[in-house]
Amino acid sequence: MVHKLEAQFVTSAAKPDQFPVDRQFGPLLPEIAFLGRSNVGKSSLLNALAGGEKVAFVSQTPGRTQLINFFRIGTDLMFVDLPGYGYAKVPKAITQDWQALIESYLLNRENLQLCVILLDARRGWMEKDRELRTWLEHHGRAYIVAATKIDKLTQNEQHRGLAAIRAETGGDIFPVSAPSGRGVRELWQTIWKTRQTNQ
């Protein structure tokens, strides 16, 4: 179990000029961005990483997160929840706005230290996930991969699914379950090590 941390919602941004700036909410902190398809479990994982603090709104409706949400975790770190992608029922014009907003953040945010790509362990890499991975690699953004909802698979399904994800990842992946807490500590430790390495 991850120790409960002081977690605080900071702000939501619908456009780049609404991103937090130095001294607006205190000194800018290192940021960890969470990206994934709609309904992959980003908000649930954010809450689990915060030790059970309900910092992010968990919705049963895919595509609900339409802004970039910033959360201060403790005194040393900021988690950033980005809109989910790949949900067909969201109007195309809105998805284009989201994409422009996300790209602006990922390209220009100097204190962004790490991206966490969330994949549904039941589905593995999908087209939009691969596009994101290629984009991050092209722009030199560091990332790690977390396979969510691992609790919804049998042991055999977990073995096959994680093997398929690893085959494309080229590095470690973190099987996680927000409800059970599996893998949350290991993911948190890697995030913290990345933050310390970049100090």
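Tutor: Accessible areas are calculated here by the Shrake-Rupley method with a 1.4 Å probe, and for residues only the protein chains shown count as cover. This is a predicted model, in which local features need pLDDT of at least 70 and side-chain atom pairs count only at pLDDT 80 or more, while totals for chains, interfaces and linings use all residues. Residues are numbered from 1 along each chain as its sequence is written, and side-chain values use heavy atoms, with hydrogens and water left out.

Student: How much area does the protein chain expose?

Tutor: The protein chain exposes about 10300 Å², and carbon and sulfur atoms supply 48% of that area.

Student: And what share of the residues is buried?

Tutor: Of the 199 residues in the protein chain, 51% are buried. Buried means under 20% relative accessible area, exposed means over 50%, and partly exposed lies in between (1.4 Å probe, protein chains only).

Student: How many helices and strands are there?

Tutor: The protein chain has five helices and seven strands. Both are DSSP runs numbered from the N terminus: helices are H or I with at least four residues, strands are E with at least two. Along the sequence the pattern reads β-β-α-β-β-α-β-α-β-α-β-α.

Student: Let us take β5. How many of its residues are buried?

Tutor: Nine of the nine residues in strand β5 (residues 112–120) are buried.

Student: Which strand pairs with β5 over six bridges?

Tutor: Strand β2 (residues 31–36) pairs with β5 in the parallel sense over six bridges, and strand β6 (residues 143–148) also pairs with β5 in the parallel sense over six bridges. Two strands pair if DSSP finds at least two bridges between them. V116 in β5 stands opposite F34, and its bridge partner in β6 is I144.

Student: What joins β5 and β6 into a unit?

Tutor: Helix α3 (residues 127–138) makes a right-handed β-α-β unit with β5 and β6. Right-handed means that, with the strands pointing away from the viewer, the path from the first strand over the helix to the second runs clockwise.

Student: Changing topic: which residues of α4 are buried?

Tutor: In helix α4 they are Q158, G161, L162, I165 and T169. They line one face of the helix, because seen down the axis of α4 they fall within an arc of 95°. The arc is that of the directions from the helix axis to the C-beta atoms.

Student: What covers them?

Tutor: The cover includes β5, β6 and β7 (173–175).

Student: Which residues are on the face turned away?

Tutor: That face of α4 carries the exposed residues N156, H159, R160 and A167.

Key. Contact means heavy atoms within 4.5 Å.
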